[in-house]
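Me: I would like a close look at one part of this model. Please take it step by step and keep the sentences short.

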Amino acid sequence: MVSHRKLSTSHIIGIREMSEEDIQKILDYAKEMKNNPFEYSERLNGKILALAFWEPSTRTRLSFESAMLRLGGRTIGFSSQAGTSLEKGESLTDTIIMLAGYSDGIVIRHPLRGSAKLAANVAERYGIPIISGGSGSQEHPTQALLDIFTINERFNRLSGLNIGLIGDLRYSRTISSLLFALSKFGRNRISLFSHPSLGLQEELHYYLTNTNLELIQAKNLAESISELDVLYVTRLQKERFPDPMLYNEVKGIYQLRTALLNSAKPELIILHPLPRVDEIPYEIDKSNHALYFEQAKNGVYVRMSILDFLIGS
Ligand code: CP
């Protein structure tokens, strides 16, 4: 096993605050783990990870659980308020204090922006790391790490790429984190395909205009698909739309058509953080372009790497 050094941070709250060096260390270690997964099966013997999920999740919660088990650790936690004292009105702060006493690290998913940061401020007093599994529409940092791991695995670089982002660019926290992550590497061309009401959050757009990224508001995927190396598809985040009328207006307009792929480069990869609703027809799953299930599987290795860095010794 190749030894690894510590990260410069003790929590993973957002990609924006992470250093390129820390990101690179996580990716490199995840690659080692993917190549030799059984070499790491005792790294976190005796450690406990708490999974505190105030919102639904399949991939993030279960891949963290799988990662912890593969490292020899164990998990506790909840995936809804039901059956916990959250139903009695217990606060986020008190819940984190409790979990800090029961575990060696906490993964938190919460609907409010700033929730992971608040949890980290609380857990810091107890020396327990917090990892965000998604905070409102703000950030989903570990998703971005597995996204760029997948891109790097295919292209062996994280610069000089043409990347198209399609769908709900406004309420998708995976989009924010992915763009923050890409902005830390070399120049990439980012084509944005979205309804005017679902464009990037203004603050994010402003931040990115001062980075390496070349942002283009693209008109039509059919005209641009031949130039793309990566097409990153997102679900409309119905639960975060302020107005159900808007959702009804835009739903279905970003469904990929299989015939479009006839114009794509052979090396184009299609990514999606999942879950999908109707953005990608099932028949595209058979295409060589479809990489979203491999992307989700990479979440285990990337999260193993993060857990070992933050909880391992
Ligand atoms: N990509 C992602 O966050 O999926 P889950 O909501 O299932 O965790």
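Which residues touch the most other members of the largest nonpolar core? Start there, then work out to the ligand site and the loop beside it.

Reply: A caution comes before the details: this is a predicted model.

The largest nonpolar core holds 60 residues. Ile26, Ile148, Leu165, Leu179 and Leu307 touch the most other members. Helix α10, residues 292-311, gives the largest share, nine residues. The core also draws on both domains, with at least three residues from each of domain 1 and domain 2.

Take Leu165 from that list. Beyond its neighbours within four places in sequence, Leu165 is in contact with Ile175, Leu178, Leu179, Ile190, Ser191, Leu192, Phe193 and Tyr232. There is also a second, separate core of 20 residues. Its members include Leu256, Leu261, Leu268 and Ile284.

Now the domains. Domain 1 covers 20-139 + 299-311, and domain 2 covers 141-296. Their C-alpha centres lie 25 Å apart. Domain 1 puts 28 residues into the contact, and domain 2 puts in 25 residues.

Next, the ligand. The residues around the ligand are Ser57, Thr58, Arg59, Thr60, Arg109, His140, Gln143, Pro273 and Leu274. Three side chains can be given distances. A polar side-chain atom of Thr60 sits 2.7 Å from a ligand oxygen atom. For Arg109, a polar side-chain atom is 2.9 Å from an oxygen atom of the ligand. Gln143 pairs with nitrogen instead: an N or O atom of its side chain is 3.0 Å from a nitrogen atom of the ligand.

Two of the ligand's neighbours, Pro273 and Leu274, lead to the loop. Pro273 is in the loop between β9 (269-271) and α10. Pro273 counts as buried because its relative accessibility is 10%, and the cut-off for buried is under 20%. Not counting residues up to four places away in sequence, Pro273 touches Arg59, Gln143, Thr174, Tyr232, Val233 and Gln295. Of these, Arg59 and Gln143 are also among the residues around the ligand. Tyr232 appears among the contacts of Leu165 as well. Pro273 and Leu146 are 127 residues apart in sequence, yet 9.4 Å apart in space, C-alpha to C-alpha.

Leu274 is in that loop too. Leu274 is buried, at 14% relative accessible area. Its backbone deserves a check. Phi of Leu274 is near 65°, a positive value in a residue other than glycine. The peptide bond from Leu274 to Pro275 is cis, with omega near 5°. Pro275 also lies in the loop between β9 and α10. Most residues other than glycine have a negative phi, and most peptide bonds are trans.

Asn156 gives another positive phi, near 60°. Asn156 belongs to the loop between α5 (141-155) and β5 (162-166). Asn156 counts as exposed, at 65% relative accessibility, whereas Leu274 is buried.

Last, the surroundings of β3. His110 is in strand β3, residues 105-110. His110 is buried, with 9% relative accessibility. Leaving aside neighbours within four places in sequence, its contacts are Trp54, Glu55, Leu92, Ser115, Gly134, Ser135, Gly136 and Arg173. One of these, Ser115, is a buried residue of helix α4 (residues 115-124). Ala116, Ala119, Ala120, Val122 and Ala123 are buried in α4 as well. Seen down the axis, the buried residues of α4 fall within an arc of 165°, so they line one face of the helix. Their cover includes α3 (92-102), β3 and β4 (130-135).

Terms used:
Residues numbered from 1 in each chain as written. Predicted model: local features only at pLDDT ≥ 70, side-chain atom pairs only at ≥ 80, totals over all residues. Heavy atoms only, no water. Core = buried A, V, L, I, M, F, W, Y, C linked by side-chain atoms within 4.5 Å. Buried < 20%, exposed > 50% of the residue type's maximum accessible area, 1.4 Å probe, protein only. Helix = DSSP H or I, 4+ residues; strand = E, 2+ residues; numbered from the N terminus. Domains from an automatic or database assignment. Contact = heavy atoms within 4.5 Å. Arc of directions from axis to C-beta. Near = heavy atom within 4 Å. Polar contact = N/O pair within 3.5 Å; in protein donor to acceptor, adjacent residues only side chain to side chain.
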